[in-house]
Each structure stands twice: as C-alpha cells, then as structure tokens.
Amino acid sequence: MALASGVRFAPRALLRPWALLRGTTLGRTEPAAGGGGDGARRFGSQRVLVEPDAASGVAVMKLRNPPVNALSLELLTELVISLEKLENDKTFRGIILTSDCPRVFCAGLDLTEICGRNPAHCAEYWKAMQELWLRMYLSSLVLVAAINGACPAGGCIIALSCDCRVLADNPKYRIGLNETLLGIIAPFWLKDTYVNTIGHRASEQALQLGSLFPPAEALQVGLVDQVVPEDQVQSTALSEMARWLAVPDHARQLTKNMMRKATADRLLRQRDADTQNFVSFVCRDSIQKSLQAYLEKLRQRKG
Ligand SMILES: CCCCCCCCCCCC/C=C/CC(=O)SCCNC(=O)CCNC(=O)[C@H](O)C(C)(C)COP(=O)(O)OP(=O)(O)OC[C@H]1O[C@@H](n2cnc3c(N)ncnc32)[C@H](O)[C@@H]1OP(=O)(O)O
C-alpha cells in the first residue's frame with residue numbers, strides 16, 4: 001500500500017493466491033444481518049468473513065475455518081486477499097481480527113499441510129505463511145486482535161502481527177509459542193516477533209519451555225495489552241481501535257514502519273533460505289514422526 005511519502009508499505013504478493021480460489025465465493029458481497037447500506041455489506045470468502053463499517057472506517061475480519069481455525073493453505077491465501085482488498089480501499093483505516101469458531105482464536109499451522117506431504121507442497125505452504133506474516137506485520141492499517149479463544153503457536157503469531165491484542169479472560173484461552181513441545185523450532189522471524197513484543201529474556205524462557213500463558217500471565221509478560229471478560233472483547237477491541245485511529249494515519253504508519261521494517265527486511269532478505277530450512281527440517285523422518293504422533297494425540301484427546 002502506498003504511503004503519502006511514496007514509501008511502499010506492504011510487500012506485493014509473491015504468491016499468486018487467486019489460482020487457489022477458483023470455485024470459491026471470494027469477493028461475493030451479501031447484506032449483513034439487519035444491515036442496509038453499503039457500509040453494512042459483508043464480503044469475504046469461505047474461510048474469512050469481513051464485516052465492513054464504512055462509517056467508522058473499521059472492518060471486522062472473522063476467521064471461520066472450523067473446527068479450530070487451523071491455518072490451512074486456503075485460509076492463509078484468503079486472509080492475504082481480504083487484507084489486500086481492505087488496504088486498497090481508502091475507506092478503511094483499521095481491522096479487528098477475531099474468530100468465528102467457538103473457544104479457539106486460531107490453532108496455528110494446519111499440521112495436516114506439513115505432515116505426510118511432499119517437499120513442494122511444504123514449500124508452497126511455508127511461502128504462504130511468510131506472505132501473510134509480512135503483510136500483517138507491515139500493514140498500514142491498524143490491526144487489533146480480539147482474541148476470543150485459544151491462541152497457540154501460529155495463532156499467537158497472527159495476534160502478535162497486530163498492533164494491539166485484547167484477550168478474553170478464560171483460563172482455557174492460552175497464548176504463546178509452544179513449538180518446542182511439538183519437537184519443532186520457531187523460525188527466526190517468529191522469534192524476532194516474540195522478542196519485539198515481550199523482550200529477550202522472557203522470549204528465551206518462553207520459547208525454550210514452549211510456554212502457553214493463561215490470560216493473567218499473558219498480560220503480565222506483555223503478550224497481550226488487555227484481558228477482559230469474554231462478552232467485552234469486541235467492545236474493548238473497538239475502544240482500542242478508536243484510540244489508535246485518533247492518531248494521524250501518516251505519522252502512525254511511518255512510526256510503525258520505523259519500528260517493524262528491520263524485522264521484516266530480515267525475512268525478505270532470506271526468504272528462499274528460510275523456506276529451504278523449513279522444508280528440509282519438517283521433511284526429516286524424525287520430525288514427521290513427531291508431528292504424526294502429536295496429531296494423533298490431538299485426535300485421541302477428543303471426547
Ligand atoms: C536445525 C535447523 C533449524 C531450522 C529451523 C527451520 C524452521 C522449522 C520450522 C518449524 C515450524 C514452526 C512453526 C510452527 C507454528 C505452529 O503453528 S505449529 C501448530 C501448533 N499448534 C498447536 O499445537 C495447537 C494444537 N491444537 C490444540 O491445542 C487444540 O486443538 C486447541 C486448544 C486449539 C483447541 O482444542 P479443542 O477445542 O479441544 O479442539 P480439539 O478437539 O483439540 O481439535 C479439534 C480437531 O482439530 C484438529 N486440530 C487441532 N489443532 C490442529 C492443527 N494445528 N492442525 C491440524 N489439525 C488440528 C484436532 O486434531 C481435531 O481433529 P479431529 O476432529 O479429531 O479430526
């Protein structure tokens with residue numbers, strides 16, 4: 001998205017996301033329940049529901065990839081497209097990101113995308129993950145995460161890519177990077193995002209231990225900005241949004257860029273190497289076995 005200064009803010013898509021979406025409903029608009037004018041029309045896709053409010057310049061973007069909003073290739077792609085659509089529409093200045101699935105904000109990477117898949121698929125998947133992170137982290141819009149459910153691993157990264165996080169006060173809604181407990185390693189740009197948010201020492205501990213923080217601890221360590229009763233998450237996210245939108249866009253955007261560009265540039269400089277590392281790591285027999293065992297444990301835990 002172009003800034004007033006001419007600086008290009010978010011990187012252009014290196015993916016060709018449209019190809020994935022043939023036959024889906026992306027781009028369709030429909031009236032919101034009880035809505036009337038343009039400002040109340042929904043748009044979105046199968047897995048991302050967008051409720052735009054033109055009057056306030058704020059859109060609510062809901063993840064709806066049941067049961068747990070795992071970041072499938074399709075969900076990643078649809079998120080990038082919905083974000084780009086809002087960024088290109090000058091009506092919008094902010095997005096509230098939340099979940100349409102009960103009790104889960106986002107379960108992180110869809111492990112079925114990297115378990116038992118060939119290297120080419122894993123590479124395509126990881127590039128889509130990089131793309132979403134880059135776009136969210138550098139978005140010129142204000143992004144507020146209204147975290148209304150569990151938020152592990154990749155879910156936490158989605159939330160940390162936002163400017164502000166409001167978490168529902170429910171002990172089951174834990175947030176953090178638990179990769180080590182799955183026998184995998186957070187790549188450097190996830191680690192950098194963590195460090196930028198909670199500092200080096202806290203990240204060092206939390207990353208090695210694979211800590212998932214319940215709400216009070218997440219607030220204390222600085223992973224989230226507010227913890228509120230579940231029925232107040234949306235209204236609090238809107239109040240936070242108002243606070244951020246009270247600042248002139250150009251000053252806020254340039255400041256955001258100043259704070260985040262070096263971290264994003266680090267990935268941009270070594271995107272291919274990062275993809276190769278990811279693919280060779282997750283395709284190892286030992287890692288595939290760990291992932292399979294973990295998925296099996298998740299499936300058996302049910303009921
Ligand atoms: C030395 C060289 C180094 C080089 C380094 C290179 C880099 C290496 C890179 C490694 C990758 C790093 C990045 C990783 C980030 C991730 O995101 S990994 C994913 C981690 N996610 C999790 O651990 C969450 C797992 N899920 C849960 O804990 C729970 O499901 C939940 C708390 C989110 C929700 O609980 P509940 O409501 O009780 O639902 P469940 O019954 O558990 O699940 C329902 C259903 O969903 C399936 N499922 C859950 N999570 C996932 C997932 N992440 N992926 C795919 N599927 C998932 C679960 O199996 C159930 O399925 P069935 O209905 O039984 O079929």
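The following questions and answers walk through a predicted model of a protein with a bound ligand.

Reader: How many helices and strands does the protein have, and what share of its residues is buried?
Author: In this predicted model, the secondary structure comes to 10 helices and 10 strands. Among the contacts with a separation of 6 or more, those between residues 24 or more positions apart account for 71%. Of the 303 residues in the protein, the buried share is 53%.

Reader: Which helix gives the most residues to the largest nonpolar core?
Author: The largest nonpolar core has 88 residues, and Ile175 and Tyr194 are those with the most contacts inside it. The helix that gives the most to this core, with 11 residues, spans residues 119-137 and is helix H2.

Reader: Which cysteines does Ile175 touch, if residues up to four places away in sequence are not counted?
Author: With those residues set aside, Ile175 touches a list that includes Ile147, Ala159, Leu167, Phe213 and Val224. The list also holds two cysteines, and these are Cys151 and Cys156.

Reader: Why is there no disulfide between Cys151 and Cys156?
Author: Cys151 counts as buried, at 0% relative accessibility, and the closest cysteine sulfur to its own is in Cys156. A disulfide needs two cysteine sulfur atoms within 2.5 Å, so this pair is too far apart for a bond, at a distance of 5.6 Å.

Reader: How far is Cys101 from the nearest cysteine sulfur, and how many disulfides does the structure hold?
Author: Cys101 is buried, with a relative accessible area of 5%. Its nearest cysteine sulfur is that of Cys106, at 9.4 Å, and Cys101 is in no disulfide. For the structure, the number of disulfides is zero.

Reader: Which residue has a side-chain N or O atom 2.5 Å from an oxygen atom of the ligand?
Author: Of the 27 residues around the ligand, those that come nearest are Ala107, Leu109, Gly154, Tyr294 and Arg301. Ala107 places a backbone N or O atom 2.9 Å from a nitrogen atom of the ligand, while a polar backbone atom of Gly154 is 2.9 Å from a ligand oxygen. The side chain that has an N or O atom 2.5 Å from a ligand oxygen belongs to Tyr294.

Reader: How much of the ligand does the protein bury?
Author: Taken alone, the ligand exposes 1300 Å². Of that area, the part that the protein buries is 78%.

Reader: Is Asn148 buried or exposed, and which residue offers a backbone oxygen to its side chain?
Author: Asn148 sits in the loop between strand E6 (142-147) and strand E7 (151-152). Its relative accessible area is 18%, and buried means under 20%, so Asn148 is buried. Leaving out residues up to four places away in sequence, Asn148 touches several residues, among them Arg103, Phe105, Tyr173 and Glu230. A polar atom of the Asn148 side chain lies 2.9 Å from the backbone oxygen of Ser99.

Reader: Which residue follows helix H4 with a positive phi?
Author: Helix H4 covers residues 188-198, and its buried residues include Trp189, Leu190, Tyr194 and Ile198. After H4 comes a residue whose phi is positive, near 95 degrees, and this is Gly199.

Reader: How far apart in space are Pro214 and Leu167?
Author: Pro214 is found in the loop between helix H5 (200-209) and helix H6 (215-221), and at 24% relative accessibility it counts as partly exposed. Leaving aside neighbours within four places in sequence, Pro214 is in contact with Pro171 and Arg174. Pro214 and Leu167 are 47 residues apart in sequence, and their C-alpha to C-alpha distance is 9.8 Å.

Conventions:
Residues are numbered from 1 along each chain as its sequence is written. This is a predicted model: local features need pLDDT of at least 70, side-chain atom pairs count only at pLDDT 80 or more; totals for chains, interfaces and linings use all residues. Side-chain values use heavy atoms; hydrogens and water are left out. A nonpolar core is a set of buried Ala, Val, Leu, Ile, Met, Phe, Trp, Tyr and Cys residues joined through side-chain atoms within 4.5 Å. Buried means under 20% relative accessible area, exposed over 50%, partly exposed in between (1.4 Å probe, protein chains only). Helices (H or I, at least four residues) and strands (E, at least two) are DSSP runs, numbered from the N terminus. Contact means heavy atoms within 4.5 Å. A residue is near a molecule or strand if one of its heavy atoms lies within 4 Å of it. A polar contact is a pair of N or O atoms within 3.5 Å; within protein, one must be able to donate a hydrogen and the other to accept it, and residues adjacent in sequence count only if both atoms are side-chain atoms. Accessible areas come from the Shrake-Rupley method with a 1.4 Å probe; for residues, only the protein chains shown count as cover.
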